[in-house]
Amino acid sequence: MPSTRPTRLAAAAALTLATVAVAAPAVAHVGVSSPDAARDGYGKIVFRVPTESDTADTTKLVVTLPADAPFLHLTAQTKPGWTITTREGRLPQPVEVDGTEITRAVRTVTWTADGDGIPPGEFDEFALSGGPFPDADSIRFEAEQTYSDGEVVDWDQVQQGDTEPDKPAPTLSLLPAGEGGHAHGGSATGDASATSADSDASGSDVVGRVLGGAALVVALAALLGVVRQDRRRA
């Protein structure tokens, strides 16, 4: 009767690999979200930046704002460990925003790490507050991510059809007009909502890592058990 050892080992190995594949997080991109950004309103914009490199830290993020939908008012949230620089520039053509024709606006916001930055396998978030947002379904930004080894990744590709590009530009979906968290000037409610949303997201990441690690341990234990049983039978 043929030995079942190779079959058992193959099955256990397949189970382990499948578990690892499920537990491993999907490839992350630089993304953008908001708890309260609505058309014609003011809100908070949060950029989530993961370090995808296995050996280098993220040390700088440059966000380019859309020239066809400039912000009349824009501020960056203070972030310990990072230096913030905003650059204002002339728009390609005048744009009317909230009844005001503007020819210049903030074009880029740059966060530069004062120390090591974001380590491999981790992420951080960078926030802006401003408006009014355009009367549109979404607003698209461009982001440039710099690593400590000199690599620069441009997140600026526009999706064509159903296939997502390798380096998609961060795109923010806007709520219908009147459904945002606050008008010009801000509010404690809007900031609290943003903090809650950020905490929930961070908590989800932690839970996912814990569950993934537990699944890997269970799979490895099963593989070890099969190997021990086969050794006893040999």
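**Exercise 1.** In this predicted model, determine which side chain Lys79 meets in a salt bridge, and work out which parts of the chain the pair ties together.

*Solution.* Begin with the atoms: the side chains of Asp124 and Lys79 meet in a salt bridge, with an N to O distance of 2.9 Å, which satisfies the criterion of a Lys or Arg side-chain nitrogen within 4 Å of a carboxyl oxygen of Asp or Glu. Next, place the two residues: Asp124 belongs to strand E7, whereas Lys79 sits in the loop between strand E4 (73–76) and strand E5 (82–97), so the bridge ties together parts that are 45 residues apart in sequence. Finally, consider accessibility, for which buried means under 20% relative accessible area and exposed means over 50%: Lys79, at 15%, counts as buried, while Asp124, at 25%, is partly exposed.

**Exercise 2.** Establish how many salt bridges the structure holds, and characterise the one formed by Arg39 and the one formed by Glu125.

*Solution.* The count for the structure is four salt bridges. In the case of Arg39, the partner is Asp137, and the closest N and O atoms are 2.3 Å apart. Both residues lie in loops, Arg39 between strand E1 (31–33) and strand E2 (43–50) and Asp137 between strand E7 (123–131) and strand E8 (138–140), so this pair ties together parts that are 98 residues apart in sequence. Arg39 is partly exposed at 24% relative accessibility, whereas Asp137 is exposed, its relative accessible area being 56%.

For Glu125, the side chain meets that of Arg48 in a salt bridge of 2.6 Å, N to O. Here Glu125 lies in strand E7 and Arg48 in strand E2, so parts that are 77 residues apart in sequence are tied together. Glu125 is buried, with a relative accessible area of 16%, and Arg48 is partly exposed, with a value of 24%.

**Exercise 3.** Derive the strand order of the open four-stranded sheet, identify its edge strands, and describe how E1 and E2 pair.

*Solution.* The four strands follow the order E1-E2-E7-E4, and their pairing is antiparallel. E1 and E4 are the edge strands, since each of them pairs on one side only. From one strand to the next, the twist averages 25°. At the E1 edge, E1 and E2 pair in the antiparallel sense over three bridges, and Val32 stands opposite Phe47 in E2.

**Exercise 4.** Trace the pairing of strand E6 with E3 and with E5, and find the residue of the E5 and E6 hairpin that takes a positive phi.

*Solution.* Strand E3 (residues 58–64) and strand E6 (residues 100–113) run antiparallel and are joined by five bridges, with Val62 standing opposite Thr110 in E6. E5 and E6 also pair in the antiparallel sense, over 12 bridges, and Val97 stands opposite Thr100 in E6. The hairpin of E5 and E6 has two residues between the strands, and Asp98 takes a positive phi near 55° there.

**Exercise 5.** Decide whether Leu61 is buried or exposed, and list residues that it touches beyond four places in sequence.

*Solution.* Leu61 is found in strand E3, and its relative accessible area of 0% makes it buried. Leaving aside residues up to four places away in sequence, Leu61 touches Phe47, Val49, Val109, Thr110, Trp111, Phe126, Ala143 and Glu144. For Phe126, the C-alpha to C-alpha separation from Leu61 is 8.9 Å in space, although the two are 65 residues apart in sequence.

How values were computed: Residues are numbered from 1 along each chain as its sequence is written. This is a predicted model: local features need pLDDT of at least 70, side-chain atom pairs count only at pLDDT 80 or more; totals for chains, interfaces and linings use all residues. Side-chain values use heavy atoms; hydrogens and water are left out. Buried means under 20% relative accessible area, exposed over 50%, partly exposed in between (1.4 Å probe, protein chains only). Two strands pair if DSSP finds at least two bridges between them. Axes are lines fitted to C-alpha atoms, for helices over the stretch in contact, and angles run from 0 to 180 degrees between N-to-C directions. Contact means heavy atoms within 4.5 Å.
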